[in-house]
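Keep the structure open while you read. The walk starts with the overall layout, then turns to the ligand, the core and a few single residues.

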Amino acid sequence: MISFTDVCKLYPEGYEALKNITLSIEQGEQVFLSGHSGAGKSTLLKLIVAIERPTSGNIVVGQQNIAALKRSAIPYLRRNIGMIFQEQKILYDRNVFANVVLPLQVTNFDTKTRAARVRAALDKVGLLNKEKADPITLSGGEKQRMCIARAVVHRPTILIADEPTANLDSNYAQDIMAVFESFNQVGVTVLISTHDEQLLGTTSHRVLELGHGQLVT
Ligand SMILES: Nc1ncnc2c1ncn2[C@@H]1O[C@H](COP(=O)(O)OP(=O)(O)OP(=O)(O)O)[C@@H](O)[C@H]1O
């Protein structure tokens, strides 16, 4: 489902963020990505959704070879992927419903179907009663759950999250992880980067550890 073969990423300034990464994640698997700050976790996740491009090596997601993907094909790739990134944009000039419906605006669904999908996504993250709320009034955990609803509203087969529990207290963090778990249980492939030592120490899921741009485990 996701495979990297000898992937290297050299940023234009010359920093080698990833060195010879080879890995494979099966369809329906949940995997955590760990590693120190600057280890290359965000870079690895960005390569999967073609926010960044590899300097060398091959990346296959589903049936698509990402390294060879034309810019015009990127929106099609992302139709199958839900993304939750740290620098995620929340639009504060509109309510929760309007934030979550955004990914559906490029689809052909009619208004009724869009509304049903948004409510189903909000329901899954426990925010159904907040659809009319302004995002500014949400707690940190609720904002994060809104971002998850937005990432899954188009029913992706792969979910990628970069430090989704950073800056949340442990109760909120557990809630967020339970939401990811519930998507994985219905067959979604989930890849989450995290620093959370407690979570990494107790999880039954596979942990890939990066250190200085290389896979340690
Ligand atoms: N756009 C960029 N241009 C140049 N260097 C970058 C860029 N993005 C990341 N880097 C560098 O690549 C290395 C890996 O960064 P990355 O953000 O992937 O690490 P990380 O493991 O996600 O770290 P953190 O946990 O702090 O978010 C770092 O040294 C970083 O400074």
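**From the whole chain to single residues**

The C-alpha atoms at the two ends of residues 2–216 lie 19 Å apart. That span is 31% helix and 26% strand. The model is predicted. An unreviewed UniProt entry annotates residues 2–216 as "domain: ABC transporter".

Start with the domains. The domain assignment gives domain 1 (1–80 + 156–217) and domain 2 (92–154). Their C-alpha centres lie 24 Å apart. At the contact, 12 residues of domain 1 meet 10 residues of domain 2. Helix α6 (residues 170–185) supplies the largest share of the domain 1 side, 6 residues. By class, that side has 8 nonpolar, 2 polar and 2 charged residues.

Now look for the nonpolar core. In soluble globular proteins, nonpolar side chains tend to be buried together. Here the largest nonpolar core has 49 residues. Val-100, Ala-149, Leu-159 and Ile-160 have the most contacts inside it. Helix α5 (residues 140–152) gives the most to this core, with 6 residues. Where does the core lie relative to domain 1 and domain 2? Both domains give residues to it, so the core lies between them.

Ala-149 is a good place to zoom in. Beyond residues up to four places away in sequence, Ala-149 touches Val-100, Ala-121, Leu-122, Lys-124, Val-125 and Leu-127. Val-100 is thus a contact of Ala-149, and both are among the residues with the most contacts inside the core.

Next, the ligand. Which residues surround it? The shell consists of Tyr-11, Glu-13, Tyr-15, Ala-17, Gly-35, Ser-37, Gly-38, Ala-39, Gly-40, Lys-41, Ser-42 and Thr-43. These divide into 4 nonpolar, 6 polar and 2 charged residues. Helix α1 (residues 41–48) provides the largest share of the shell, 3 residues.

Stay with α1. Is this helix largely enclosed or largely open? Of its 8 residues, 6 are buried, so α1 is largely enclosed by the rest of the structure. The buried ones are Lys-41, Thr-43, Leu-44, Leu-45, Leu-47 and Ile-48. Lys-41 and Thr-43 are buried in the helix, and they also belong to the ligand shell.

Follow the chain out of the helix. Just after α1 comes Ala-50, in the loop between α1 and β4. What is unusual about the phi of Ala-50, a residue other than glycine? Its value is positive, near 60°. Most residues other than glycine have a negative phi. Ala-50 has 21 C-beta neighbours inside 10 Å, so it counts as buried, the cut-off being 20 or more.

Pro-54 sits in the same loop, between α1 and β4 (56–61). Pro-54 is buried, because 20 other C-beta atoms lie within 10 Å. Leaving aside neighbours within four places in sequence, Pro-54 is in contact with Val-7, Cys-8, Lys-9, Leu-47, Ile-59 and Ala-67. One of these, Leu-47, is a buried residue of α1. Between Pro-54 and Gly-14, 40 residues apart along the chain, the C-alpha separation is 13 Å.

The contact with Cys-8 leads to strand β1 (residues 2–10), where Cys-8 is found. Cys-8 is partly exposed, with 15 other C-beta atoms within 10 Å. Apart from residues up to four places away in sequence, Cys-8 touches Glu-16, Leu-18, Lys-19, Asn-20, Pro-54, Thr-55, Ser-56 and Gly-57. Measure across to the core and the C-alpha atoms of Cys-8 and Ala-149 are 32 Å apart, for 141 residues along the chain.

Asp-6 lies in strand β1 too. Asp-6 is another residue other than glycine with a positive phi, near 50°. Is Asp-6 buried or exposed? Asp-6 is exposed, because 12 other C-beta atoms lie within 10 Å.

Finish at Pro-75, in helix α2 (residues 74–78). Pro-75 is exposed, with 10 other C-beta atoms within 10 Å. The C-alpha atoms of Pro-75 and Asn-65 are separated by 14 Å, and the two residues are 10 apart along the chain.

Conventions:
Residues are numbered from 1 along each chain as its sequence is written. This is a predicted model: local features need pLDDT of at least 70, side-chain atom pairs count only at pLDDT 80 or more; totals for chains, interfaces and linings use all residues. A residue is near a molecule or strand if its C-beta atom, placed from the backbone, lies within 6 Å of it. Helices (H or I, at least four residues) and strands (E, at least two) are DSSP runs, numbered from the N terminus. Ala, Val, Leu, Ile, Met, Phe, Trp, Tyr, Cys and Pro count as nonpolar, Asp, Glu, Lys and Arg as charged, and the others, Gly among them, as polar. UniProt positions are given in the numbering used here, feature names are shortened, and annotations may be inferred rather than shown by experiment. A nonpolar core is a set of buried Ala, Val, Leu, Ile, Met, Phe, Trp, Tyr and Cys residues joined through C-beta atoms within 7 Å. Domain bounds come from an automatic or database domain assignment. Two residues are in contact if their C-beta atoms, placed from the backbone, lie within 7 Å.
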